[in-house]
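Reader: Could you take me through one part of this model up close? I'd like to start at the metal site and then follow the chain into the packing around it.

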Amino acid sequence: MIDSARPRERAFLIALDLPRARFDPEDSLDELGALVAAAGGEVVGRATQRRSAPDPRTWIGKGKVVEVATAAKQLRCDLVVADEELAPSQQRALEEALGIRVVDRSGVIIDIFAKHARTKEGRVQVELAQLQYMRPRLRGLWQGLSRLGGGVGTRGPGESLLETDRRVIDRRLEDLKERLADVQKQRAATRRSRSRDGLFLAALVGYTNAGKSTLMNALSGADVLVADQPFATLDPTTRRTTLPNGTVVLLSDTVGFVNKLPPTLVAAFRATLEELEDADLLVQVVDVSHPNLHERMAVVAATLRDLGLADRPSLIVLNKADALRGPEGDAMREALSSEFPTAVFTSASTGVGVDELRDRLAAEAMRGWRRVTVRLPYSAGGLVQRIREHGNLRSAEYGEAGIDVDAEVPPAFAAELERTGSEGSSRR
Ligand SMILES: Nc1nc2c(ncn2[C@@H]2O[C@H](COP(=O)(O)OP(=O)(O)OP(=O)(O)O)[C@@H](O)[C@H]2O)c(=O)[nH]1
Ligand SMILES: [Mg+2]
């Protein structure tokens with residue numbers, strides 16, 4: 001939607017100031033500006049309009065249309081970007097009224113995803129979202145083309161051409177959905193084998209650019225991409241890591257959230273987000289250096305609710321704590337400590353607080369573990385190694401009658417050990 005192959009397209013941003021909006025419109029426009037920049041555009045102007053509701057036809061009101069059209073012309077803009085997903089008819093009407101190409105927030109976000117998708121799965125998901133988004137907007141796209149006066153459709157395309165395109169898109173959508181279903185099957189298989197392994201899974205979630213990937217690297221020695229831009233991570237990564245008490249856990253890094261995440265993207269990335277369904281713990285990473293951190297936390301909470309994950313145990317990590325400097329920073333730190341008494345402060349990029357986070361993860365992983373003392377037959381000696389990996393082996397004594405084991409392990413594993421061994425046969 002934003003052509004990143006050409007010199008940076010000049011964008012004029014518009015937002016509505018509606019009652020009960022989660023973000024202040026100026027803050028939301030700042031964020032939209034960052035999104036437009038990540039998509040390859042350059043912001044040259046912006047405007048907001050206070051309204052009780054969007055104009056059903058052109059989203060912004062009549063007077064504002066004239067104002068924006070004049071400003072955009074003066075600033076030699078290539079496009080106007082609306083800070084909300086517009087109905088296809090609104091987008092068309094606004095384009096006509098302004099006489100300039102109109103892109104909406106969803107279009108920009110989908111663009112960034114398309115730019116950043118690396119794996120086959122990521123590409124399939126993005127294309128699916130793109131086509132679903134574009135399909136009802138085809139007519140507008142065609143009109144845009146004909147206005148450019150290019151060879152195709154200078155006389156305006158016939159409805160039949162549009163129909164052909166819809167059919168092509170529908171066929172492609174079917175194809176993509178099938179491929180995604182295959183991917184989902186594979187994922188489910190991996191998940192099943194992992195759950196058999198019984199490892200504790202902690203998933204890093206949070207607003208985009210909060211530092212999830214940096215934290216993933218700091219905690220697990222992984223080497224996932226870190227970048228100061230929205231949606232650097234699209235494809236989930238899972239790594240095993242050993243915590244201070246010897247516990248092995250899985251850590252999972254995944255796509256970040258943003259305010260007004262396009263519904264077609266959420267649907268298409270369901271497979272990726274399903275990774276979160278298995279998580280024993282959601283590690284909510286918050287960027288404390290951002291002025292809108294509370295609004296962003298509310299977006300994350302709402303997104304988790306939409307994904308059915310509101311009740312999952314979670315641990316709040318207040319990241320980028322190195323940015324809290326001076327008296328103001330100290331006051332902020334204090335306020336956050338009392339607001340989130342169980343949260344951990346970290347600086348993923350300098351490593352401060354990461355050890356404490358490791359300890360907290362270990363404690364979370366051990367919550368609900370049971371202490372078992374059993375005598376295992378030598379034929380089940382392999383279990384001792386598994387205890388080392390998945391639990392805490394306090395002692396193992398190799399006697400004539402078997403191995404006397406004293407350990408703390410996850411409940412399911414405890415039951416398995418008790419079935420295999422003879423109970424209470426060890427000392428104490
Ligand atoms: N000052 C400071 N910067 C940090 C810290 N942690 C991460 N960053 C920076 O924040 C930016 C985003 O970091 P990422 O780890 O890519 O963030 P993310 O949450 O994975 O972002 P997405 O994958 O895009 O959703 C990068 O420029 C990091 O270097 C921190 O503790 N302090
Ligand atoms: Mg990331």
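Author: Sure, and keep in mind that this is a predicted model. The magnesium ion (ligand 2) has two protein donors, Ser 213 through OG and Thr 233 through OG1, and they lie 1.9 to 2.1 Å from it. These two come from distant parts of the chain, 20 residues apart: Ser 213 belongs to helix H8 (residues 212-220), while Thr 233 is in the loop between H8 and strand S6 (237-242). Ser 213 has a relative accessible area of 8%, so it counts as buried. Thr 233 comes out at 15%, which also makes it buried, as the cut-off is under 20%.

Now stay in that loop, but move to Phe 231. The structure has three aromatic pairs. In one of them, Phe 113 and Phe 231 sit 4.7 Å apart, centre to centre, with 50° between their planes, which is a tilted arrangement. Phe 113 is in helix H4 (residues 105-116) and Phe 231 is in the loop between H8 and S6, so this pair ties together parts 118 residues apart in sequence. Both of these rings are buried.

Phe 113 has another partner, Phe 269: the ring centres are 5.2 Å apart and the planes stand at 80°, so this pair is edge-to-face. Phe 269 lies in the loop between helix H9 (263-268) and helix H10 (270-273), so its pairing with Phe 113 in H4 ties together parts 156 residues apart. Phe 113 and Phe 269 are both buried. Put the ring pairs together and you get a cluster of Phe 113, Phe 231 and Phe 269.

Two of those rings turn up again in the wider packing. The largest nonpolar core has 57 residues, and the members touching the most others are Val 108, Phe 113, Phe 231 and Leu 276. Helix H5 (residues 120-134) gives this core its largest share, six residues. As for Phe 231, leaving out residues up to four places away in sequence, its contacts include Leu 35, Ile 109, Ile 112, Phe 113, His 116, Thr 208 and Leu 261. Val 255, Gly 256 and Val 258 are also among them. There's a second core too, separate from that one, with 24 residues, including Ala 222, Leu 243, Leu 251 and Leu 357.

While we're on rings, have a look at two arginines. Arg 137 has its charged end over the ring of Tyr 133, 3.9 Å from the centre. Arg 333 lies over the face of Phe 345, at 4.7 Å from the ring centre.

Key: Residues numbered from 1 in each chain as written. Chains lettered and ligands numbered in written order. Predicted model: local features only at pLDDT ≥ 70, side-chain atom pairs only at ≥ 80, totals over all residues. Heavy atoms only, no water. Donors = N, O, S within 2.8 Å, 3.2 Å for Na, K, Ca; no water. Helix = DSSP H or I, 4+ residues; strand = E, 2+ residues; numbered from the N terminus. Buried < 20%, exposed > 50% of the residue type's maximum accessible area, 1.4 Å probe, protein only. Phe/Tyr/Trp six-rings, centres within 6.5 Å; stacked < 30°, edge-to-face > 60°. Lys NZ or Arg CZ within 6 Å of the ring centre and 35° of its normal. Core = buried A, V, L, I, M, F, W, Y, C linked by side-chain atoms within 4.5 Å. Contact = heavy atoms within 4.5 Å.
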